[in-house]
Amino acid sequence: MIDRRILLASAASLAALFSFNWLRGTPARAAEKFEVEKTDAEWRKQPTPQQYEILRQEGTERPGSSPLLKEHRKGIFACAGCDNPLFASETKYESGTGWPSFWKPLDNAVGERKDRTLGMVRTEIHCRRCGGHLGHVFDDGPKPTGLRYCMDGFAMVFKPTSPSAS
């Protein structure tokens, strides 16, 4: 006869195994093709280790750690992996989250995919050109879009608008 403790322990073990697989998610870039493609060794040489972790391994920086969080000059935020222009400074706003936030990307700048990690479904944002992970988009942003593109600042570089010659 099966002991009730063994039955409960077995059921709990199976539930943990299934939930672990659900939390883990799936590889995001497995079958996608991008304009800029490099080997893993080539990607490791270009950005800093922190940029590599975010762009290629879908990591996340600590809140408040990016210098771009306090960047308020006019210019363009571009991908740190391939220099693709992503966001105009006019769409940046202070969301209070600890990450640079924007209400709209530039046209044809980013791509989206479902992110099922951490036991939830979110919309992951990546660079359209190289596939580098940038962050996530949420529907709690300001007008006119109502969207909050919550980006990892270390996944981007800032290019200030040069003063025009008069």
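Two strands pair if DSSP finds at least two bridges between them, and the close-up views below, all taken from a predicted model, begin with two such pairs.

**View 1. The hairpin of strands E1 and E2 places Ile76 opposite Ala88.** In this predicted model, strand E1 covers residues 75–79 and strand E2 covers residues 85–88, and the two run antiparallel, joined by three bridges. Within this pairing, the residue that stands opposite Ile76 is Ala88, which belongs to E2. Five residues lie between the two strands of this hairpin, and one of the residues in the turn, Asp83, has a positive phi of about 70°. When following the strands by eye, it helps to remember that in a regular strand the side chains alternate between the two faces of the sheet.

**View 2. Strands E5 and E6 form a hairpin in which Glu112 is bridged to Ile125.** Six bridges hold strand E5 (residues 110–115) and strand E6 (residues 122–127) in an antiparallel pair. Which residue of E6 is the bridge partner of Glu112? That partner is Ile125. The hairpin of E5 and E6 has six residues between the strands, and Leu118 takes a positive phi near 60° there.

**View 3. Arg113 of strand E5 takes part in a network of salt bridges with Glu32 and Glu124.** Side chains of opposite charge can pair when their charged atoms come close. The side chains of Glu32 and Arg113 meet in a salt bridge with an N to O distance of 2.6 Å. Because Glu32 lies in the loop between helix H1 (4–24) and H2 while Arg113 lies in strand E5, this pair ties together parts that are 81 residues apart in sequence. A salt bridge also joins the side chains of Glu124 and Arg113, here at 2.9 Å from N to O. This second pair links distant parts of the chain, with Glu124 in strand E6 and Arg113 in strand E5, eleven residues apart. Salt bridges that share partners thus bring Glu32, Arg113 and Glu124 into one network. Of these residues, Glu32 counts as partly exposed at 30% relative accessibility, whereas Arg113 counts as buried at 11% and Glu124 counts as buried at 2%.

**View 4. Arg73 and Glu71 form another salt bridge.** The side chains of Arg73 and Glu71 meet at an N to O distance of 2.7 Å. Are these two residues buried or partly exposed? Arg73 is partly exposed, with a relative accessible area of 47%, whereas Glu71 is buried, with a relative accessible area of 12%. For the structure as a whole, the count comes to eleven salt bridges.

**View 5. Helix H3 carries several buried residues, including Arg56.** Helix H3 spans residues 49–57, and its residues Gln51, Tyr52, Ile54, Leu55 and Arg56 are buried. The parts of the structure that cover these buried residues include helix H2 (40–45), strand E1 and strand E7 (133–138). Arg56 has a relative accessible area of 14%, and its side chain reaches the backbone oxygen of Cys130 at 3.3 Å. The C-alpha atom of Arg56 is separated by 9.6 Å from that of Leu134, although these residues are 78 residues apart along the chain. Just after H3, Glu58 takes a positive phi of about 60°.

**View 6. Glu61 is a buried residue that has no salt bridge.** Glu61 lies in the loop between H3 and E1. The nearest side chain of opposite charge belongs to Arg62, and it is 9.1 Å away. What the side chain of Glu61 does reach is the backbone nitrogen of Phe154, at 2.8 Å. Leaving aside residues up to four places away in sequence, Glu61 touches a number of residues, among them Gln50, Ile54, Ser66, Trp99, Pro100 and Phe154.

**View 7. Cys79 and Cys130 do not form a disulfide.** Why does the structure hold zero disulfides, as far as Cys79 and Cys130 are concerned? The sulfur of Cys79 has its closest cysteine sulfur in Cys130, at 3.6 Å, which is too far for a bond, because a disulfide needs the two sulfur atoms to be within 2.5 Å. Seen from the other side, the closest cysteine sulfur to that of Cys130 is in Cys79. Cys79 is buried, with a relative accessible area of 1%, and Cys130 also counts as buried, at 1% relative accessibility.

Conventions
Residues numbered from 1 in each chain as written. Predicted model: local features only at pLDDT ≥ 70, side-chain atom pairs only at ≥ 80, totals over all residues. Heavy atoms only, no water. Buried < 20%, exposed > 50% of the residue type's maximum accessible area, 1.4 Å probe, protein only. Helix = DSSP H or I, 4+ residues; strand = E, 2+ residues; numbered from the N terminus. Contact = heavy atoms within 4.5 Å. Lys, Arg positive; Asp, Glu negative; His and termini not counted. Salt bridge = Lys/Arg side-chain N within 4 Å of Asp/Glu carboxyl O. Polar contact = N/O pair within 3.5 Å; in protein donor to acceptor, adjacent residues only side chain to side chain.
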